[in-house]
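Here are my notes on this one, jotted down while going through the model. Have a look at the structure first, then read on.

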Amino acid sequence: MSVSFKTLDLNLLKVFDAVMEERSVLRASQKVALSQSAVSHSLARLREMLEDELFVRTAAGMQPTARALTMAPQIREALRVLEAAVELPTFVPATSTKQFTLAANDFATMVLASPLLKILGREAPHIDLTIKPVTRIDLAEQIDLGRIDVAIGVFSLPPSRFRTSLLFEYDDVLIVGKKRKLGRLDKAMLARLPLVVVSFGGEQEGAIGGFISERGLARRSEMYDRDALERALAESDRPPRMAVSLPHFLAVPALIRDSELAAIVPRPLAQTLEQNYPIAIYELPYTATPLEVRLLWHERVDGEPSHEWLHDVLRRAAENLRRGD
């Protein structure tokens, strides 16, 4: 009988491989979760198709024929490739040397880096991170191309191909050099302060309403609630003075340390800076809109063990941040 691969039942090859490995119909049946009679029937079908005995029963077990010995390595490799194609890959953080690429601004990096690295050190010491700026790049394209595994930021209605998950929320506070004593901060005092604010892009760079939009993905560019500030001081004889506008938070502590400047920054960042710089934190005399910092990734990686683990680690790092660990 001539053999046609188009009509070949691949389960017959699984049975063949099991008998080749176990050299026993009983043990092969246990391995492939079939009855002994089902294994014997499968072998009979394969023998008829290939016109070869394949296995000969002896006192030492099922001994393969020359044809079976020739086929066995190729069938084993073919089954391995098919298994890898249809099953999810395994991921072991403790031994993985995978490199993940994140996109985040310096605020998210500064507040998450320490708890994140502590978790990686305990669970995945050989994994490397590359962190790219969430600004000045076409973020949507980079995620679409698979060059960024996950982005961290404040996003507005992302396209359906992206998935998001909440990391943490924050509002704004005011920080000044620790030597300054403001007392109770009210709107009149706030109106007199020269302010430092952080904005990742203005209207000249495509920002509209505090967001930069590319390929349907809008990410927040203004790192303070401008609308709330302007509403709070709308009746003041002094509009808010933006003395310094920066594209990052890195220089803020140095600017306010020995000057009259004050800065409006996210609360988690202020708490992180307070641990390392001589600054003081003041509650603003108005209510800023809480913002959600979220993870964002492409739908195609849903279900991948390595990405699910990465998202979980980032959420745990954010939870440590909330607890102040």
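1. Burial first: 46% of the 325 residues in the protein chain count as buried. Keep in mind that this is a predicted model.

2. On secondary structure, the chain comes to 11 helices and 16 strands. Its radius of gyration is 31 Å, well over the 20 Å that the globule rule gives for 325 residues, so the chain is more spread out than a compact globule. The box tells you about the dimensions: along the principal axes, the C-alpha atoms fill roughly 100 × 35 × 25 Å.

3. How are the contacts spread along the sequence? Taking contacts between residues at least 6 apart in sequence, 75% of them join residues at least 24 apart.

4. The chain splits into domain 1 (5–86), domain 2 (95–168 + 294–321) and domain 3 (172–289). Note that domain 2 is given as two segments, 95–168 and 294–321. Measuring over C-alpha atoms is how the next number is taken: the centres of domain 1 and domain 3 are separated by 71 Å.

5. Now for Asp52, which you'll find in the loop between helix 3 (36–50) and strand 1 (55–58). Is Asp52 buried or exposed? Neither, quite: with a relative accessible area of 21%, Asp52 is partly exposed, because the buried class stops at under 20%.

6. Which residues does Asp52 touch, once its neighbours within four places in sequence are set aside? Arg47, Thr65 and Arg67 are in contact with Asp52. For a sense of span, pick Gln275: 223 residues along the chain from Asp52, with 77 Å between the two C-alpha atoms.

7. If you're after internal voids, the structure holds one cavity of 30 Å³ or more. About 50 Å³ of space lies in this largest cavity. Strand 5 (150–153) and strand 12 (217–220) are the elements that give two or more residues to its lining.

8. The residues lining the largest cavity are Asn105, Val134, Ile152, Gly153, Val154, Phe155, Arg219, Arg220 and Met223. By class, that lining has five nonpolar, two polar and two charged residues. Which domains supply at least three residues each to the lining? Domain 2 (95–168 + 294–321) and domain 3 (172–289) both do.

Key: Residues numbered from 1 in each chain as written. Predicted model: local features only at pLDDT ≥ 70, side-chain atom pairs only at ≥ 80, totals over all residues. Heavy atoms only, no water. 1 Å grid on protein atoms, 1.4 Å probe; cavity = no way out; pocket = protein on both sides within 12 Å on 5 of 7 lines; lining within 4 Å. Points joined across faces, edges and corners; volume = space filled by probe spheres on them. Helix = DSSP H or I, 4+ residues; strand = E, 2+ residues; numbered from the N terminus. Nonpolar A, V, L, I, M, F, W, Y, C, P; charged D, E, K, R; others polar. Domains from an automatic or database assignment. Rg over C-alpha atoms; globule rule 2.2 N^0.38 Å. Buried < 20%, exposed > 50% of the residue type's maximum accessible area, 1.4 Å probe, protein only. Contact = heavy atoms within 4.5 Å.
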